[in-house]
Every structure is written in structure tokens, then in C-alpha cells.
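Visitor: I should like to understand the terms applied to this model. Could you set each one against its criterion?

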Amino acid sequence: RDYLSRWSGEDHRLRIMEARNLWQLNRVAESIEGADAVRRELLALPDSAALAECSLNLSSAHLVSGDLHTAREFTLDALVSARRVGALSLEGSALGNLGIIEKMLGRWPAALEAQQLRLRVFESTGNRVQLAHARRSIGIVQWKRGRLALAIKVAEECGNEARRLGSGIH
């Protein structure tokens, strides 16, 4: 880490990626501890994509741990930072987390709105894989709200897009 500290921002990126890998391995407590330390350092600097990414990873780690309210707080932090610095991909990912959290809290209109905003962000970037994820999330919310015809239509669109992408999982 001493070597990396000479490279502006690389130490933070490496530590953020480490935290992401840890929560994905279900080592949530370690992830949160590491990401919290990075976030404290980043808060002393101007807003950045690194801060947005760090907050997004804290959101995901808390989401995995089941702490939805803390996850939501970090999601909103990530969303604000991403918007301030124009990091569209991070903004879209934060909106995705927000939609998942709102859905888990049973706030269907808020979940739908977050996923629709996510869809618009990824339409603007042309990220077809994330578009497919956003559409699928919208379909799930519509299904949970009892709008079955709309949910089926979205599911069919998702299946068609998955075939175009050469993937059966989107």
C-alpha cells in the first residue's frame, strides 16, 4: 500500500475493489470495515467517483447483511456523489440498489421509480447488459404489484434481449 499511495487515487481504488470482493465472498464485516476506512479518507477530499463507488459498495455490503436502512443511506450517498461528478454508470448502479431496497421494504412505487430512472441512465450510456437488468427489475416490481400483463410483456422483452446479447441469464 505504501507503493500505491504514490499513485494518486490508486490506493483508494484498490481498497474499494477489495471491499467489493469481500462482500461478494460473504465476508461482509471485513468489507464494511475496509470500505468505512476508505470512505473516511475520501470524505476529506472533494467529491469523486471513488467516493460514489465506495458508498455504493458499503450499500451493497449492508444490503447483503440485511441492514436495509443503512444500505439505503449509503445508496443515497452514492447517488448524490455520482450525480455531482457525472459518473453515470455509478448513478445507474446506485439507482439499482435503491430500487432493490425499496422493493424489499415493500415500497412498490418508489422501487418502480428508481428502476425506471436506472433504465433512463443506462439508455443514455448504451449499456445493454445493465438495461436488461433494469428491465427485469421493472418486470419484477410490476409482477409484485399485480400488473401481470405488463410483467409478462417485460419478461418477454428481457428474454429477447438476452438472446440478442447471447446470454440466458439476463
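**Helix packing and the largest pocket**

Guide: Let us begin with helices H8 and H9 of this predicted model. In H8, Arg128, Val129, Ala132, Arg135, Arg136, Gly139, Gln142 and Trp143 make contact with Leu148, Leu150, Ala151, Val154, Glu157, Cys158, Glu161, Arg164 and Leu165 in H9. By class, this contact of H8 with H9 has nine nonpolar, two polar and six charged residues.

Visitor: What makes these residues of H8 and H9 count as meeting?

Guide: Contact means heavy atoms within 4.5 Å, and the residues of H8 and H9 just named meet in that sense.

Visitor: Why is H8 called roughly antiparallel to H9?

Guide: H8 and H9 (residues 148-165) pack at an angle of about 160°, with their axes 8 Å apart. Angles over 145 degrees count as roughly antiparallel, and H8 is therefore roughly antiparallel to H9. H8 passes H9 in a left-handed crossing.

Visitor: How do you know that H7 and H8 are roughly antiparallel to each other?

Guide: The angle between H7 and H8 is about 160°, and their axes lie 9 Å apart. The cut-off is again 145 degrees, so H7 and H8 are roughly antiparallel. Their crossing is left-handed. Residues of H7 in this contact include Trp108, Leu112 and Phe122, and those of H8 include Leu131, Ile138 and Val141. The contact of H7 with H8 has nine nonpolar, six polar and four charged residues.

Visitor: Why are H2 and H4 described as roughly parallel?

Guide: The axes of H2 and H4 come within 10 Å and cross at roughly 15°. Angles under 35 degrees count as roughly parallel, and H2 and H4 are therefore roughly parallel to each other. H2 passes H4 in a left-handed crossing. Arg13, Ile16, Arg20 and Trp23 in H2 meet residues of H4, among them Glu53, Asn57 and Val64.

Visitor: What makes a residue part of the lining of a pocket?

Guide: A lining residue has an atom within 4 Å of a pocket point. The largest pocket has a volume of about 360 Å³. It is lined by 18 residues, of which Leu56, Ser60, Ser93, Asn97 and Gln130 are the closest to its centre. Helices H2 (10-24), H4 (49-65), H6 (88-104), H7 (108-125) and H8 (128-144) each give two or more residues to this lining. H6 gives the most, with six residues.

Visitor: How many residues of each class, nonpolar, polar and charged, does the lining of the largest pocket have?

Guide: The lining of the largest pocket has ten polar, five nonpolar and three charged residues.

How values were computed. Residues are numbered from 1 along each chain as its sequence is written. This is a predicted model: local features need pLDDT of at least 70, side-chain atom pairs count only at pLDDT 80 or more; totals for chains, interfaces and linings use all residues. Side-chain values use heavy atoms; hydrogens and water are left out. On a 1 Å grid over the protein atoms alone, a cavity is a set of points where a 1.4 Å probe fits but cannot get out, and a pocket is an open set with protein on both sides within 12 Å along at least five of seven lines; lining residues have an atom within 4 Å of a point. Grid points are joined across faces, edges and corners, and a volume is the space filled by probe spheres set on the points. Helices (H or I, at least four residues) and strands (E, at least two) are DSSP runs, numbered from the N terminus. Ala, Val, Leu, Ile, Met, Phe, Trp, Tyr, Cys and Pro count as nonpolar, Asp, Glu, Lys and Arg as charged, and the others, Gly among them, as polar. Axes are lines fitted to C-alpha atoms, for helices over the stretch in contact, and angles run from 0 to 180 degrees between N-to-C directions. Angles under 35 degrees count as roughly parallel, over 145 as roughly antiparallel, 65 to 115 as roughly perpendicular and the rest as oblique. A crossing is left-handed if the near helix is turned anticlockwise from the far one by less than a right angle, and right-handed if clockwise.
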